[in-house]
Structure formats: structure tokens, C-alpha cells
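Me: I would like to go through this structure with short questions. Please keep the reasoning brief.

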Amino acid sequence: QVQLVESGGGSVQPGGSLRLSCTASGNIFNIAAMNWYRQAPGKQRELIAAITSGGRINYADSVKGRFTISRDNAMNTVYLQMDSLKPEDTAVYYCNGIIKRTGSVVDYDYWGQGTQVTVSS
């Protein structure tokens, strides 16, 4: 099986920074992409940052210029550096991996457990 484990959430004041990490482990052959989603109370889960194995990166407009996604392919780890945080960034943040298991011919979606980020004064 494959597991994604996140860390790094917490509470911060507006303008502050946090760094999230997510490590994939298990029976992994290839990771095509690793993504960060977030879900605020009463809202749908939204994709905010994505990075492919080749390093292609995309951001949602709401976080562009403030958040930075990066990836350590050797460690199967993705990071999300969040700067200039705003109260509207408050949400549960989820790591997502598009992963091919050893012996599989297709990719599957895997999710982390989620980590709470709260931005408040």
C-alpha cells in the first residue's frame, strides 16, 4: 500500500509563515505529481499548488506569489512554503499524490490525512 503523511500545520498570525511537508511511502514505482489542496469550513476542497515529477508547477490565483511548492523526488516528499498568510488561508490542507504502485499499469490518487492551518490575530 501507499501512505501520505503530512506535517507542519498550526496557528500563525496574519503575515506569518508556515511550511507543510508530505512524504509518500510504501509500494511506490513512480510519482507523477504531488499536489496540495485545502478545504475551508463550508467550502469545497480546492487545488492550490501542483508539481509534476518533471518540475512543472502550477498555483491557484489565490496563493500565487505567496506560496511555494517544491519537491524532493529522492525522498518522495513535497513541501509547501506558505508566506504572507491571510485569515482566508485558514483551512485543512491535504497532500495528494498521483502514484503508480509497483506492478501496476495505472496511477491512483492517494491522500494525506490533512493538517489544520489557522491564520488569526
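Me: Is Asn76 buried, partly exposed or exposed, and what is its relative accessible area?
Reply: This is a predicted model, where local features need pLDDT of at least 70, side-chain atom pairs count only at pLDDT 80 or more, and totals for chains, interfaces and linings use all residues. Residues are numbered from 1 along each chain as its sequence is written, and side-chain values use heavy atoms, with hydrogens and water left out. Buried means under 20% relative accessible area, exposed over 50%, and partly exposed in between (1.4 Å probe, protein chains only). Asn76 is therefore partly exposed, with a relative accessible area of 23%.

Me: Where is Asn76 found?
Reply: Asn76 is not a glycine, yet it has a positive phi of about 50°. Strands (E, at least two residues) and helices (H or I, at least four) are DSSP runs, numbered from the N terminus. Asn76 is found in the loop between S7 and S8.

Me: What is the relative accessible area of Ser84?
Reply: Ser84 also has a positive phi of about 50° and is not a glycine. Its place is in the loop between S8 and S9. Ser84 counts as partly exposed, at 41%.

Me: Which residue is joined to Cys22 by a disulfide?
Reply: A disulfide is a pair of cysteine sulfur atoms within 2.5 Å. The structure holds one. Here the S to S distance is 2.1 Å, and the partner of Cys22 is Cys95.

Me: How many residues apart are Cys22 and Cys95?
Reply: Cys22 lies in strand S3 (residues 18-26) and Cys95 in strand S9. Both are buried. The disulfide links distant parts of the chain, 73 residues apart.

Me: Why is the disulfide of Cys22 and Cys95 called left-handed?
Reply: Look at the torsion about the S-S bond of Cys22 and Cys95. The disulfide is left-handed because that torsion is about -80°.

Me: Which residue forms a salt bridge with Arg38?
Reply: A salt bridge is a side-chain nitrogen of Lys or Arg within 4 Å of a carboxyl oxygen of Asp or Glu. A search of the whole structure finds five. For Arg38, the closest N and O atoms are 2.8 Å apart, and the partner is Glu46.

Me: Is Arg38 buried or exposed?
Reply: Its partner Glu46 counts as partly exposed, at 32% relative accessibility. Arg38 has 5%, so it counts as buried.

Me: How many residues apart in sequence are the parts that Arg66 and Asp89 tie together?
Reply: The side chains of Arg66 and Asp89 meet in a salt bridge, 2.7 Å from N to O. Arg66 lies in the loop between strand S6 (57-59) and strand S7 (67-72), and Asp89 in the loop between strand S8 (77-82) and S9. The pair therefore ties together parts that are 23 residues apart.

Me: Which residues join Arg66 and Asp89 in one network?
Reply: Arg66 and Asp89 are both buried. Salt bridges that share partners join them into one network with Arg38 and Glu46.

Me: Over which ring does the charged end of Arg101 sit?
Reply: A charge sits over a ring if NZ of Lys or CZ of Arg is within 6 Å of the ring centre and within 35 degrees of the ring normal. The charged end of Arg101 is 4.8 Å from the centre of its ring, and that ring belongs to Tyr108.
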